Amino acid sequence: MTGMDVGLLAVAPVDKPVIANLLQLYLHDFSEYEPRELSPQGTFEYSWLDSYFTTPGREAYLITVADRPAGFALTRCDVDGDDGAWNVSEFFVVRGHRRQGVAAQAARLLFQRHPGPWTLSYLLANTPASRFWPKLVSAVAHGPVSHHEQRPPEVPAPRIRLRFPISAHQP
């Protein structure tokens, strides 16, 4: 665990431009695993950002280090077939704060927001995520963790979906 001052702040619509800017960095990094086309304006498109500020059951968070933006998390509890479990839709830490414990600390703070069942998916081709998420989830889950492999045509690229319970009393 890092000694850094990591925070997780729920953001309001006024903060959406910060998340939108960080989203461009995230989508650029992610394009290594799932090819994405740039818009005519030279940006990556993400159709769902507004919904995290307008739709009940969706939340946007800014990950901070020493009160400065360091990443973001988007969560939702309206995924079809998830029975109301919270889902980590998107999770990103900027490169300068990776491999320092920032992501693990931010994820722990995120899970503490909603004790109960959680889900998340990561692409098999994303080696850092394939190492990070199973290790972290096994450390924080309060009960069994289910692993479900999804492959095309069910999903665009092979991925693992985790489902796990979070206790109201995290260590």
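The following exercises, with worked solutions, concern the sheet, the cores and one buried residue of a predicted model.

Residues are numbered from 1 along each chain as its sequence is written. Local features need pLDDT of at least 70 and side-chain atom pairs count only at pLDDT 80 or more, whereas totals for chains, interfaces and linings use all residues; side-chain values use heavy atoms, without hydrogens and water.

**Exercise 1. Establish the strand order of the sheet and identify its edge strands.**

Solution.
1. Strands (DSSP E runs of at least two residues) and helices (H or I runs of at least four) are numbered from the N terminus.
2. Two strands pair if DSSP finds at least two bridges between them.
3. On this basis, 7 strands form an open sheet in the order 1-2-3-4-5-7-6, with mixed pairing.
4. Strand 1 and strand 6 (146–150) are the edges, each pairing on one side only.

**Exercise 2. Describe the surroundings of strand 5 (116–123).**

Solution.
1. Strand 4 runs parallel to strand 5, joined to it by 3 bridges; here N87 has T119 as its bridge partner.
2. Strand 7 runs antiparallel to strand 5, with 8 bridges between them; here S121 has R161 as its bridge partner.
3. Of the 8 residues of strand 5, 6 are buried (under 20% relative accessible area, against over 50% for exposed and in between for partly exposed; 1.4 Å probe, protein chains only). The strand is therefore largely enclosed by the rest of the structure.

**Exercise 3. Locate the largest nonpolar core and the contacts of F111.**

Solution.
1. A nonpolar core is a set of buried Ala, Val, Leu, Ile, Met, Phe, Trp, Tyr and Cys residues joined through side-chain atoms within 4.5 Å.
2. The largest such core has 30 residues, and F91, F111, L120, W133 and F164 have the most contacts inside it.
3. Helix 3 gives the most to this core, with 6 residues.
4. Leaving aside neighbours within four places in sequence, F111 is in contact (heavy atoms within 4.5 Å) with V88, W118, L120, W133, L136, V140, F164 and I166.

**Exercise 4. Determine whether R161 is buried or exposed, and give its side-chain polar contact.**

Solution.
1. R161 is found in strand 7.
2. Because its relative accessibility is 17%, R161 counts as buried.
3. Its side chain makes a polar contact with the side chain of T119 at 3.3 Å. Such a contact is a pair of N or O atoms within 3.5 Å; within protein, one must be able to donate a hydrogen and the other to accept it, and residues adjacent in sequence count only if both atoms are side-chain atoms.
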